[in-house]
Amino acid sequence: MEKELRLMKGNEAVAEAAIRAGVDGYFGYPITPQTEIIEYLMEANPAETTGMVVLQAESEVAAINMVYGGAACGKKVMTTSSSPGISLKQEGISYIAGAELPCLIVNVVRGGPGLGTIQPAQSDYFQSTKGGGHGDYHLIVLAPASVQEMADFVDLSFELAFKYRNPVLMLSDGAIGQMMEKVYLSPFKERSKTVPEWATSGKPSTRERNIITSLDLDPNRQEVFNRKLLAKYDEIRKKEVRYEEFLCEDAEYLLVAYGTSARVCQKSVQLAREQGIKAGLLRPITLFPFPTKRINELAGKVKGMLSVEMSAGQMVEDVLLSVNGKVPVYHFGRMGGIVTTPEEVVENLKSKFIGG
Amino acid sequence: MTEEIIIAGFGGQGVLSMGKIMAYSGVMQDMEVSWMPSYGPEMRGGTANVIVIISSERISSPIIKQFDTAIILNQQSLDKFESSIKPGGVLIYDGNGITRHPERKDINVYRVDAAEEASRMNSPKTFNTIVLGGFLKVKPIIKLENVLKGLKKSLPERYHNLIPMNEKALKRGEEIIKEIQKSL
């Protein structure tokens, strides 16, 4: 079937893609700059077409626990929010990771800390990739850089979530959520009629009862479980790294950026090359797992790297670990909801590496 | 071909919807497009702006500082964006309420008194479409037929009866620019 072409906001694309991906349930609570997601779903009313549940919970905490419950039943469920709302959801996210349940969480990031601003930012990188909630766990983190990827990554997220029984987080931002671009939408998928064998779907006589929990009072058993999680994360690190390279072959300076910053940096690379500076861009698509190996390889070929993020410098720590001292690594970024401009990035690249 | 445009004015003047019509028209012409609005408190009564990029290639940054064309509908926006137009670029502005006019000599300035014209045509709401028509005369990057298709796409069906009126407005904008170009 041919893909349908639309002009949509990133937020609308997530919502439409969720209906088309055969999602069973969406549980959310409005917050700028991602309220169009729940708005779109409410208006589309997929309960009447695919049977998908769309529910505005009484709070973010309620929404994430509804996701926990739905996921425990083996259903394809999701929630979306923006930074302060995602902070409220962290307890639930940790429980879901601890119970090894698949689900999709979308964070359309705004400036922080606290209530911060409602403009785009990338200051939730640490929260998304290093934990966020308590305990040793990782989410699989995907970073869309276009409206098309906002749509495409919904399906991909569920594929990964169910493959690894692990929550997936799409780390977007206010710019991608609010901007409109062309998007090719996938055909409708039917909602799954089967439930995974681990789901709490009622105990038949043919098997033991399934238990979904994140609690084990025996430290020895808990440590065995922790090791199991670590083995899972290692497998994800081996198999699921995704990234995109732009003019890296002959690059002397490498920009590393994801999401909106990667779009900005693509233009910066072009501007730099017009000035005779051989710049390239590596765009991590998965932030966990991080493209450590590729960045380390590229570190052997370039004179230096600049991590560009709309934050005080978070991903730069992963770039530093990946480069492992081979070449100098710096950070450049704007904060508070200000999007870095392509020209600023070039100026910064020049002042850090070339002088002047 | 890449055209980087900023449209700026008061909230409620149809800044965002003019951008949307442009973006849809670009899609109808099989171009790549991006539409990046300012959102948040400034939209609620203050100034609103939107960056529209129409290109035959994949669009890199949707957020830019330098524009090929600025379409300006109020004084604050003129003050803010006059300096952001690339040398040799285009500034189209409505003179209504403007006390300090554009000063730059290295850009092409067109004054389109669209608000006045729209009220003369008895359709004050098509004021932004007149400006759009003017823009398309200065920069004929999209064919009129595709703009009409774009209008159809971006307007909800219940407003499709307004399309003929908007077509008239587009053409009037074109004529105004034609007259200016003749007098140059």
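In which sense do strand 5 and strand 6 of chain B pair, and over how many bridges? The legends below address this and other close-up views of a predicted model, in which local features need pLDDT of at least 70, side-chain atom pairs count only at pLDDT 80 or more, and totals for chains, interfaces and linings use all residues. Residues are numbered from 1 along each chain as its sequence is written, while chains are lettered from A and ligands numbered from 1 in the order in which they are written.

**View 1. Strands 5 and 6 of chain B.** Strand 5 (residues 85-93) and strand 6 of chain B pair in the parallel sense over 4 bridges, where pairing requires that DSSP finds at least two bridges between two strands, and where strands (E, at least two residues) and helices (H or I, at least four) are DSSP runs numbered from the N terminus. Y93(B) stands opposite R111(B) of strand 6 of chain B.

**View 2. The open sheet with strands from both chains.** The sheet has 8 strands with mixed pairing, in the order 1(A)-8(A)-2(B)-3(B)-1(B)-4(B)-5(B)-6(B). Strand 1 (4-9) of chain A and strand 6 (108-111) of chain B each have a single partner strand and stand at the edges, so one side of each is left without a neighbour in the sheet. Direction ignored, neighbouring strands are turned by 25° against each other on average, axes being lines fitted to C-alpha atoms, for helices over the stretch in contact, with angles from 0 to 180 degrees between N-to-C directions. Helix 1 (residues 10-20) of chain A packs on the sheet, touching strand 1 and strand 8 of chain A, and its direction makes about 135° with that of strand 1 of chain A; residues are in contact if their C-beta atoms, placed from the backbone, lie within 7 Å.

**View 3. The junction between chains A and B.** Strand 8 of chain A and strand 2 (residues 32-37) of chain B run antiparallel and are joined by 2 bridges, with E181(A) opposite S34(B). The contact takes 19 residues from chain A and 17 residues from chain B, and helix 10 of chain A provides the largest share of the chain A side, 5 residues.

**View 4. Helix 5 of chain A.** Within helix 5 (residues 90-98) of chain A, the buried residues include G92(A), I93(A), Y95(A) and I96(A), a residue being buried if 20 or more other C-beta atoms lie within 10 Å of its own, with C-beta atoms placed from the backbone. Among the elements covering these buried residues are helix 3 (60-72), strand 5 (103-109) and strand 7 (167-173) of chain A. E100(A), whose phi is positive, near 55°, follows helix 5 of chain A.

Methods. Contact = placed C-beta atoms within 7 Å. Buried ≥ 20, exposed ≤ 12 C-beta atoms within 10 Å, placed from the backbone.
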